[in-house]
Amino acid sequence: MEEMRRRKEKQDIARRRMRIVVPIAAVVLVLAIVIVAGIGRKGSGKGEAGEVGQGEGSEIKAVSQEMGKEEGGTQETLGEESKNLLDNFLFQEGQEEEKEVEKPLYYAEETENTLQLGGDILSSYAVLIDMENKAIVSGKSARVRMNPASMTKVLTLLVAAEHIENLDDRVEITLEMTDYSFVNGCSNAGFERGETVTVRDLMYGTILPSGAEAAVGLSIYVAGSQEAFVEMMNGKLEELGLSGSAHFTNCVGVYDENHYCTAYDMAMIMEAALDNEVCREVLSSRTYTTSETEKHPEGMILSNWFLRRIEDKEVGGKVTSGKTGFVKQSGSCAVSYGMDKDGKGYVCVTADAESQWACIKDHAKLYQSVMMQ
């Protein structure tokens with residue numbers, strides 16, 4: 001694989017050189033012809049030029065006039081134009097090379113050691129990312145589009161966190177928020193219509209119990225409507241360099257044929273979220289108690305069942321962050337973050353497992369493959 005990569009790099013370099021050399025060679029050839037012809041014309045005198053008449057000498061004169069050149073300064077001006085043309089080619093080539101090597105902030109690449117997973121991983125889609133080395137440790141249909149289900153809410157949380165200034169600001173739970181959840185058969189955090197909760201409550205309600213009404217509440221608070229918020233989400237995907245393979249139509253993860261991403265995309269979204277202090281805190285919480293309201297005088301205890309269940313698995317380190325998801329079309333799925341005993345971080349994504357326990361088993365096995373070596 002390394003040899004193929006080096007061969008491809010050499011081919012790319014050769015093609016870039018040809019893009020420079022061929023046009024310049026053509027320009028130089030044309031200039032040489034014009035210059036030599038001009039010298040011949042100057043040496044032969046006006047009488048010879050007159051004898052040529054409509055032949056070669058008049059054609060050269062026409063070319064010279066069209067280019068706006070005075071006879072005495074032709075060579076000097078053409079030389080300057082050739083230099084400018086060469087500089088222009090080199091500048092454009094430099095721009096192309098800069099674009100080729102430019103990479104997004106969050107990315108990971110396959111290496112000669114990347115393992116292609118098989119039946120030992122029950123999920124249909126999977127990827128394990130070494131964050132420190134930006135390397136794909138292992139994968140299974142990692143760049144194939146699938147429905148991310150409620151893993152979508154990681155991006156919902158990230159976009160909201162980037163546009164909220166006061167986490168203690170209060171939001172009233174409306175019929176629009178609760179009805180969306182009811183109509184689409186989504187999981188809920190437990191907030192009730194007419195209840196006034198904090199933005200922080202909505203954030204934890206979106207992630208820990210995967211509350212649809214909390215996610216919709218965040219979207220309306222931030223953008224005025226879920227539709228406007230989804231546009232912001234897709235804008236974030238573009239910013240992350242993922243818009244070519246990822247597109248969302250809602251902030252919850254409800255199935256839609258136009259709502260998709262890859263396991264790799266979700267890993268990059270998770271990395272971006274972990275770099276946000278608020279998101280990292282929410283995604284890493286095992287439990288959270290909401291603020292007191294008339295509907296819930298003692299608040300509600302919200303729980304991240306994924307973290308509470310995988311902590312019983314021996315993985316050689318610790319899984320500190322996670323978000324699950326489920327829709328019929330993508331089975332049980334999850335995105336998580338774990339650290340080995342030396343503090344090295346990994347992001348893991350799996351999708352389309354037959355059950356929640358199968359999903360957790362896959363995550364544990366993938367972490368074991370790098371943390372228990």
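**Exercise 1.** In this predicted model, work out how many of the residues of strand 8 (residues 317-327) are buried, and how strand 8 pairs with strand 9.

*Solution.*
- Start with burial, taking under 20% relative accessible area as the cut-off. Strand 8 has 11 residues, and 8 of them pass, leaving the strand mostly covered.
- Next, look for its partner. Strand 9 (residues 331-340) runs antiparallel to strand 8, and the pairing spans 10 bridges.
- Pick out one bridge to check the register: Ser321 is matched with Tyr337 in strand 9.
- Finally, trace the connection. The two strands are joined by a hairpin, with 3 residues in between.

**Exercise 2.** Find which residues have the most contacts inside the largest nonpolar core, and list what Val347 touches.

*Solution.*
- Gather the core first: it has 74 residues, with Ile129, Met203, Ile269, Val347 and Val349 having the most contacts inside it.
- Now ask who supplies it. Helix 9 (residues 263-274) gives the most, at 10 residues.
- Zoom in on Val347, skipping residues up to four places away in sequence. Its contacts include Ile129, Ala267, Met270 and Leu274, plus Val335, Ser336 and Tyr337.
- Don't merge everything, though: another core of 22 residues lies apart, and Leu128, Ile310, Tyr346 and Val370 are among its members.

**Exercise 3.** Which residues line the largest cavity, and which element gives the largest share of that lining?

*Solution.*
- Count: there is 1 cavity of 30 Å³ or more, and the largest cavity holds about 30 Å³ of space.
- List the lining: Ile207, Leu208, Asn304, Trp305, Gly322, Lys323 and Thr324.
- Sort these by type, and you get 3 nonpolar, 3 polar and 1 charged.
- Assign the element: strand 8 provides the largest share, with 3 residues.

Note on methods
Residues are numbered from 1 along each chain as its sequence is written. This is a predicted model: local features need pLDDT of at least 70, side-chain atom pairs count only at pLDDT 80 or more; totals for chains, interfaces and linings use all residues. Side-chain values use heavy atoms; hydrogens and water are left out. Buried means under 20% relative accessible area, exposed over 50%, partly exposed in between (1.4 Å probe, protein chains only). Helices (H or I, at least four residues) and strands (E, at least two) are DSSP runs, numbered from the N terminus. Two strands pair if DSSP finds at least two bridges between them. A nonpolar core is a set of buried Ala, Val, Leu, Ile, Met, Phe, Trp, Tyr and Cys residues joined through side-chain atoms within 4.5 Å. Contact means heavy atoms within 4.5 Å. On a 1 Å grid over the protein atoms alone, a cavity is a set of points where a 1.4 Å probe fits but cannot get out, and a pocket is an open set with protein on both sides within 12 Å along at least five of seven lines; lining residues have an atom within 4 Å of a point. Grid points are joined across faces, edges and corners, and a volume is the space filled by probe spheres set on the points. Ala, Val, Leu, Ile, Met, Phe, Trp, Tyr, Cys and Pro count as nonpolar, Asp, Glu, Lys and Arg as charged, and the others, Gly among them, as polar.
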